[in-house]
Amino acid sequence: MSIVEKLRSHRDLTDEELLTLICTDEYDSGLRRAADEVRRSVYGTDVYLRGLIEFTNYCKNDCFYCGIRRSSRSSQRYRMSKEEILGCCRQGAELGYRTFVLQGGEDPYYTDDLMCDIISEIRSLYPENAVTLSIGEKSYDTYRRFFECGANRYLLRHETADETHYGKLHPAEMSAERRKQCLFELKEIGYQTGAGFMVGSPFQTPANIVSDLRFMQSVSPDMIGIGPFIPAKGTPFESFPAGSVELTLRLISIIRLMFPYALIPSTTALGTLSPQGRELGLKAGANVVMPNLSPVEYRDKYSIYDNKICTGEESAQCKTCLEQRVKSAGYTIVDSVGNVKRN
Ligand code: SAH
């Protein structure tokens with residue numbers, strides 16, 4: 001049995017076999033074909049839309065790779081009011097989006113009370129929709145409060161499962177241990193939970209990627225977000241090379257075969273590095289796209305990396321553009337809420 005067939009049927013390989021798959025392009029076409037078949041067997045050609053609201057670029061953390069880190073001087077800071085956030089949701093609902101993703105830096109301005117107020121309001125206005133949070137590390141009790149107010153999904157990429165590598169990407173006050181623990185807590189509370197990592201982040205080795213896959217096996221995330229690292233000006237990593245599109249696509253396929261049920265976005269970072277990046281991501285096994293719903297005046301300020309695409313377009317244009325891309329890749333945008341399909 002070929003290594004790709006083994007991965008498809010066992011949903012697993014030895015570390016050595018995974019390293020082989022990761023480190024060569026020899027299996028790429030077979031991998032992509034198998035991943036697309038598996039994705040079709042679970043999700044058909046369906047692609048889910050997640051309306052992304054980047055509501056603050058203030059952040060108390062200082063991650064070395066991120067353009068909106070605390071010590072970044074180049075970033076012009078903004079935060080959206082509750083009314084502005086609700087305005088984005090209204091527009092999203094009009095465009096037919098059934099999921100709102102509230103993403104931001106870790107901004108203490110949004111106290112637990114304020115977040116609960118915003119979440120509850122969205123929940124009562126859009127009872128059928130999913131509310132996804134992506135606002136970093138919080139205490140168990142805070143995660144539980146947000147869940148009780150009506151948030152139902154949480155995206156928290158673990159960034160890298162290897163402690164030593166984590167230490168090279170983050171200041172000493174942050175810990176891989178705590179970040180991983182957050183994912184288990186989110187799952188326990190009942191969130192549909194998303195993990196993930198950057199591909200080609202500085203100092204990442206193939207063995208680190210195997211650790212990421214192993215860690216995700218232990219979490220069994222509902223969503224898995226990966227995208228290439230892209231350098232951001234004014235950060236310690238501004239001169240590091242971007243991650244590889246090819247490796248990102250290969251990993252999307254490997255992840256689809258290891259986690260057939262997973263909701264996997266074809267990310268903006270992929271589209272930033274390659275004009276057809278998001279279409280290729282879908283063909284490699286991804287089944288989610290995340291159109292931007294933020295007001296255009298803020299778009300270019302949420303600059304977690306350089307040259308981010310889709311910063312000049314109104315939300316409606318983003319939708320049309322993505323619809324065309326999804327269609328041209330051979331898939332279908334569906335308007336269901338898009339919950340995970342585990343069997
Ligand atoms: N504050 C939230 C949201 C972070 S931004 C949190 O802590 O989860 C969302 C993701 O963007 C991050 O998890 C990271 O994986 C990715 N990201 C940050 N900087 C990046 C860069 N320079 N290139 C590519 N992706 C990056």
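On a 1 Å grid over the protein atoms alone, a pocket is an open set of points where a 1.4 Å probe fits, with protein on both sides within 12 Å along at least five of seven lines, and its lining residues have an atom within 4 Å of a point. In this predicted model, local features need pLDDT of at least 70 and side-chain atom pairs pLDDT 80 or more, while totals for chains, interfaces and linings use all residues. Residues are numbered from 1 along each chain, and side-chain values use heavy atoms, with hydrogens and water left out.

So what lines the largest pocket? Gly 67, Ser 74, Ser 75, Gln 76, Ala 232, Lys 233, Asp 300, Lys 301, Ser 303, Asp 306 and Asn 307 do the job. By class that makes 1 nonpolar, 6 polar and 4 charged residues, with Gly counted as polar.

Then there's the greasy part: the largest nonpolar core (buried Ala, Val, Leu, Ile, Met, Phe, Trp, Tyr and Cys joined through side-chain atoms within 4.5 Å; buried means under 20% relative accessible area with a 1.4 Å probe, protein chains only). This core has 102 residues, and Ile 122, Leu 133 and Ile 254 have the most contacts inside it. Helix H10 (residues 245–258) chips in the most, with 9 residues; helices here are DSSP runs of H or I, at least four residues, and strands are E runs of at least two, numbered from the N terminus.

As for helix H3 (residues 28–43), its buried residues include Leu 31, Val 38 and Tyr 43. The buried residues of H3 pack against helices H1, H2 and H12, strand E1 and H10. Just past H3, Gly 44 takes a positive phi of about 60 degrees.

Conventions. Buried means under 20% relative accessible area, exposed over 50%, partly exposed in between (1.4 Å probe, protein chains only). Contact means heavy atoms within 4.5 Å.
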